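Have your viewer ready and follow along, one selection at a time. Each stop says what to pick and what you will find there.

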Amino acid sequence: MVKSSNSILDSVVYVPLEEYLDLKRNIEKWNIFKEISNQRLYNESLDSLKQFILDLKKKSAYWEFYEKLKGLKLKVPVEQLLNQFDTEDLDVNFALALIYDSVQADLKKSKELLHYGAERGHMNTQLMLGSIYRNEFEELDDVPEAKYWFEQAAFQGNACAMHELSMLANYKGAGYEWLKKAAQLGYMDAVSDLETIEAWRAQRMNDVLN
């Protein structure tokens, strides 16, 4: 490289044509613009995943999780983002389980992650795992696995899980008690179901008396 002899431009470095061409070839060889673009996609995906995890902490019903997935913009494979997170964090684990289920379509991996979080007491993971077992065997009235995981979430105060337990029991016995608890917590589906049941019972009692 050569410097200009002009004192005003002493700090300017001129690149001879052959060096410039070498530099240009190297840039093309490194595909540097693609790398910059990939990094931008990586950062956008990372920001999107971080926001998704934050949003999940505010949700309590399993269908709301899938609503949040619609807004998730992952432009690179989720595996590329994992080294930015503590995967022992159960909120992160839960987010990844949802992504593997709905975005990557890897149900086996999703279920493994859900079991990991549910067994360690993560309430929303327990709720989601219960719903998966219920949907897998929805022709049965009382699915032991679904009931177990709904109970674990319900014991932690999850109103959605309480409502699911009430439906599994056809609103009878313990199911009716779970329904009342969910309604007391303001869970709207439970409030609506309880009002319907109470109105039906009142009508039935009126018919008996008359």
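Start by selecting tryptophan 178, which counts as buried, because its relative accessibility of 14% falls under the 20% cut-off. Bear in mind throughout that this is a predicted model.

Keep tryptophan 178 on screen and add lysine 181. The charged end of lysine 181 sits over the ring of tryptophan 178, 4.9 Å from the ring centre.

Now add phenylalanine 155. How far apart are the ring centres of phenylalanine 155 and tryptophan 178, and at what angle are their planes? The centres are 5.9 Å apart and the planes stand at 50°, so this pair is tilted. Phenylalanine 155 belongs to helix H7 (residues 144-155) and tryptophan 178 to helix H9 (residues 174-184); with these positions 23 residues apart, the pair links distant parts of the chain. Is phenylalanine 155 buried or exposed? Its relative accessible area is 58%, so phenylalanine 155 is exposed, whereas tryptophan 178 is buried.

While you have rings in view, note that the structure holds three aromatic pairs. For another of them, select tyrosine 148 and tryptophan 149: this pair is edge-to-face, with 4.8 Å from centre to centre and 80° between the planes. Colour the two by accessibility: tyrosine 148 is partly exposed at 41% relative accessible area, while tryptophan 149 is buried at 6%.

Stay with tryptophan 149 and select glutamine 126, found in helix H6 (residues 123-136). Glutamine 126 counts as buried, with 3% relative accessibility. Setting aside neighbours within four places in sequence, its contacts are Ala118, Gly121, Trp149, Gln152, Ala153 and Gln156.

Next, show H6 and H7 together as ribbons. How do these two helices pack? Their axes lie 8 Å apart at an angle of about 160°, which makes H6 roughly antiparallel to H7. The crossing of the two is left-handed. To see the side chains where they meet, select Met123, Gln126, Leu127, Leu129, Gly130, Ser131, Tyr133 and Arg134 on the H6 side, and Glu145, Ala146, Trp149, Phe150, Gln152 and Ala153 on the H7 side. Both glutamine 126 and tryptophan 149 from the earlier stops are in this set.

For the last stop, select tyrosine 176 and arginine 201. Here the charged end of arginine 201 sits over the ring of tyrosine 176, 4.2 Å from its centre.

Conventions: Residues are numbered from 1 along each chain as its sequence is written. This is a predicted model: local features need pLDDT of at least 70, side-chain atom pairs count only at pLDDT 80 or more; totals for chains, interfaces and linings use all residues. Side-chain values use heavy atoms; hydrogens and water are left out. Rings of Phe, Tyr and Trp (its six-membered ring) pair if their centres lie within 6.5 Å; planes under 30 degrees apart count as stacked, over 60 as edge-to-face and the rest as tilted. Buried means under 20% relative accessible area, exposed over 50%, partly exposed in between (1.4 Å probe, protein chains only). Helices (H or I, at least four residues) and strands (E, at least two) are DSSP runs, numbered from the N terminus. A charge sits over a ring if NZ of Lys or CZ of Arg is within 6 Å of the ring centre and within 35 degrees of the ring normal. Contact means heavy atoms within 4.5 Å. Axes are lines fitted to C-alpha atoms, for helices over the stretch in contact, and angles run from 0 to 180 degrees between N-to-C directions. Angles under 35 degrees count as roughly parallel, over 145 as roughly antiparallel, 65 to 115 as roughly perpendicular and the rest as oblique. A crossing is left-handed if the near helix is turned anticlockwise from the far one by less than a right angle, and right-handed if clockwise.
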